[in-house]
Amino acid sequence: QVQLVESGGGLVQAGGSLRLSCARPGGTLSHITMGWFRQTPGKEREFVAAISWSADITYYRDSVKGRFTISRENAKNTVYLQMNSLKPEDTAVYYCARDRLLRGGSMWYATQPNEYDLWGQGTPVTVSS
């Protein structure tokens with residue numbers, strides 16, 4: 001499998017913004033659900049957002065709703081996470097991932113890490129107060 005590659009992380013002040021990108025060099029990300037996760041030392045990896053293959057529907061964890069936006073450009077095999085109004089508690093390493101399955105209906109998304117089968121190396125995000 002070709003791994004995903006995340007980029008765009010960095011250090012920002014609280015209230016600032018970052019846009020993360022996720023690509024699959026030499027591969028495709030079309031026609032499957034994609035997700036973003038984040039993790040801090042000593043904590044389990046947690047779900048952030050998911051987007052359907054057609055980009056018509058999205059799902060977010062409650063703590064980022066209204067602040068983060070997941071999007072994709074299938075022609076470029078790229079997924080994005082626009083993060084606005086960042087808070088110190090958003091500090092983490094952010095990972096993108098590909099869903100294991102083709103899902104549909106009201107259960108089109110997955111929120112558990114073991115439901116995804118392809119991951120990037122992560123890009124760190126630090127939000128200072």
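Strands, as the term is used here, are DSSP runs of E spanning at least two residues and numbered from the N terminus. With that convention, the loop between β5 and β6 (58–60) can be located, and Ala55 lies within it. The model described below is predicted.

Ala55 has a positive phi of about 65 degrees although it is not a glycine. Most residues other than glycine have a negative phi. The relative accessible area of Ala55 is 36%, so the residue is classed as partly exposed. A positive phi, of about 50 degrees, is also found at Asn77, again a residue that is not a glycine. Asn77 belongs to the loop between β7 and β8. Its relative accessibility is 19%; because buried means under 20%, Asn77 counts as buried.

The strands on either side of the Asn77 loop take part in an open sheet. Four strands make up this sheet, in the order β1-β3-β8-β7, and their pairing is antiparallel. The edges are occupied by β1 (5–7) and β7 (68–73); each has a single partner strand, so one side of each is left without a neighbour in the sheet. On average, neighbouring strands are turned by 15 degrees against each other when direction is ignored. Strands of a sheet pair through backbone hydrogen bonds.

At the β1 edge, the antiparallel pairing with β3 (residues 18–23) extends over 3 bridges. Val5 has Ala23 of β3 as its bridge partner, and Glu6 is partnered by Cys22 of β3. Strand β3 is also joined to β8, to which it runs antiparallel, by 6 bridges. Within this second pairing, the bridge partner of Arg19 is Gln82 in β8.

Cys22, the bridge partner of Glu6, also takes part in a covalent cross-link. The structure holds 1 disulfide, formed by Cys22 and Cys96, with the sulfur atoms 1.8 Å apart. The torsion about the S-S bond is about 65 degrees, so the disulfide is right-handed. Distant parts of the chain are linked by this pair, since Cys22 is in strand β3 and Cys96 in strand β9, 74 residues apart. Both Cys22 and Cys96 are buried.

The largest nonpolar core comprises 26 residues, of which Trp36, Leu81, Met83 and Tyr94 touch the most other members. At least two residues of this core are supplied by each of β3, β4 (34–39), β5 (46–51), β7, β8 (78–83), β9 (92–99) and β11 (123–128). The surroundings of Tyr94 illustrate the packing. When residues up to four places away in sequence are not counted, the contacts of Tyr94 include Trp36, Leu81 and Met83. Leu20, Phe37, Val48, Phe68 and Val125 are also among the residues touched by Tyr94, as are Glu6, Arg38, Gly122 and Thr123. A second core, separate from the one containing Tyr94, consists of 9 residues and includes Phe47, Ala97, Trp108 and Tyr116.

Charged side chains provide a further set of interactions, with 8 salt bridges in the structure. Arg38, one of the residues touched by Tyr94, forms a salt bridge with Glu46, and the closest N and O atoms of this pair are 2.7 Å apart. The two partners differ in burial class: Arg38 is buried at 6% relative accessibility, whereas Glu46 is partly exposed at 28%. Both residues belong to a network of salt bridges that also links Arg61, Arg67 and Asp90.

Another salt bridge joins Asp99 to Arg103, with the closest N and O atoms 2.7 Å apart. Asp99 has a relative accessible area of 0% and is therefore buried, while Arg103, at 25%, is partly exposed. In the salt bridge between Lys65 and Asp62, the closest N and O atoms are 2.9 Å apart. Lys65 is partly exposed, with a relative accessibility of 45%, and Asp62 is exposed, with a value of 62%.

Note on methods. Residues are numbered from 1 along each chain as its sequence is written. This is a predicted model: local features need pLDDT of at least 70, side-chain atom pairs count only at pLDDT 80 or more; totals for chains, interfaces and linings use all residues. Side-chain values use heavy atoms; hydrogens and water are left out. Two strands pair if DSSP finds at least two bridges between them. Axes are lines fitted to C-alpha atoms, for helices over the stretch in contact, and angles run from 0 to 180 degrees between N-to-C directions. A salt bridge is a side-chain nitrogen of Lys or Arg within 4 Å of a carboxyl oxygen of Asp or Glu. Buried means under 20% relative accessible area, exposed over 50%, partly exposed in between (1.4 Å probe, protein chains only). A nonpolar core is a set of buried Ala, Val, Leu, Ile, Met, Phe, Trp, Tyr and Cys residues joined through side-chain atoms within 4.5 Å. Contact means heavy atoms within 4.5 Å. A disulfide is a pair of cysteine sulfur atoms within 2.5 Å.
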